[in-house]
Amino acid sequence: MNIFNMIPGISGIQDKAADILSGFLDKLLEEHKPLLRKENGEVQIFYIMFPKKNEDKTKYMIAIVALDENDTIIRFLKTIALEDALQTIFSQM
């Protein structure tokens, strides 16, 4: 049984969660696109999500990164905790 089906009203959020998060991430990419340094070989930006262990808890981070033509990460443009991203998204709703 899906736990989300047991909580009234939460299924709507579950259905829209992927769209909401992808819209937030797409907006971050657009905001940071002007920071791309083509003179340094940066040709594209995208986001990655990775775990960051902190004592007994794992925290997930989202990073906007710049890549070169070989898809090698050159630098991090912005890093935000997933929980902070979700808090921002839901406070705007």
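**Two hairpins and a buried aspartate**

Asp 68 sits in the loop between strand S2 (57-67) and strand S3 (73-81); strands here are DSSP runs of E with at least two residues, numbered from the N terminus. The structure is a predicted model, in which local features need pLDDT of at least 70 and side-chain atom pairs count only at pLDDT 80 or more, while totals for chains, interfaces and linings use all residues. Residues are numbered from 1 along each chain as its sequence is written, and side-chain values use heavy atoms, with hydrogens and water left out.

A good place to begin is the pairing of the strands. Strand S1 (44-54) and S2 pair in the antiparallel sense over 11 bridges, where pairing requires that DSSP finds at least two bridges between two strands. Within this pair, Lys 52 stands opposite Lys 59 in S2. On its other hairpin, S2 runs antiparallel to S3, and seven bridges join the two. Here Val 65 faces Phe 76 in S3, standing opposite to it.

The turns come next. The hairpin of S1 and S2 has two residues between the strands. Glu 55 lies in that loop and has a positive phi of about 55° although it is not a glycine. Glu 55 is also exposed, with a relative accessible area of 78%; exposed means over 50%, buried under 20% and partly exposed in between, with a 1.4 Å probe and protein chains only.

The hairpin of S2 and S3 has five residues between its strands. Asp 71 is found in this loop, and its phi is positive, at about 60°, although Asp 71 is not a glycine. With a relative accessibility of 52%, Asp 71 counts as exposed.

Back to Asp 68, which shares the loop between S2 and S3. Asp 68 is buried yet has no salt bridge, a salt bridge being a side-chain nitrogen of Lys or Arg within 4 Å of a carboxyl oxygen of Asp or Glu. The nearest side chain of opposite charge, that of Arg 75, is 12 Å away; Lys and Arg count as positive and Asp and Glu as negative, with His and the chain ends not counted. A polar atom of the Asp 68 side chain does, however, lie 2.9 Å from the backbone nitrogen of Asn 70. Leaving aside residues up to four places away in sequence, Asp 68 touches Gly 41, Val 43 and Ile 74, where contact means heavy atoms within 4.5 Å.

Notes:
Helix = DSSP H or I, 4+ residues; strand = E, 2+ residues; numbered from the N terminus. Polar contact = N/O pair within 3.5 Å; in protein donor to acceptor, adjacent residues only side chain to side chain.
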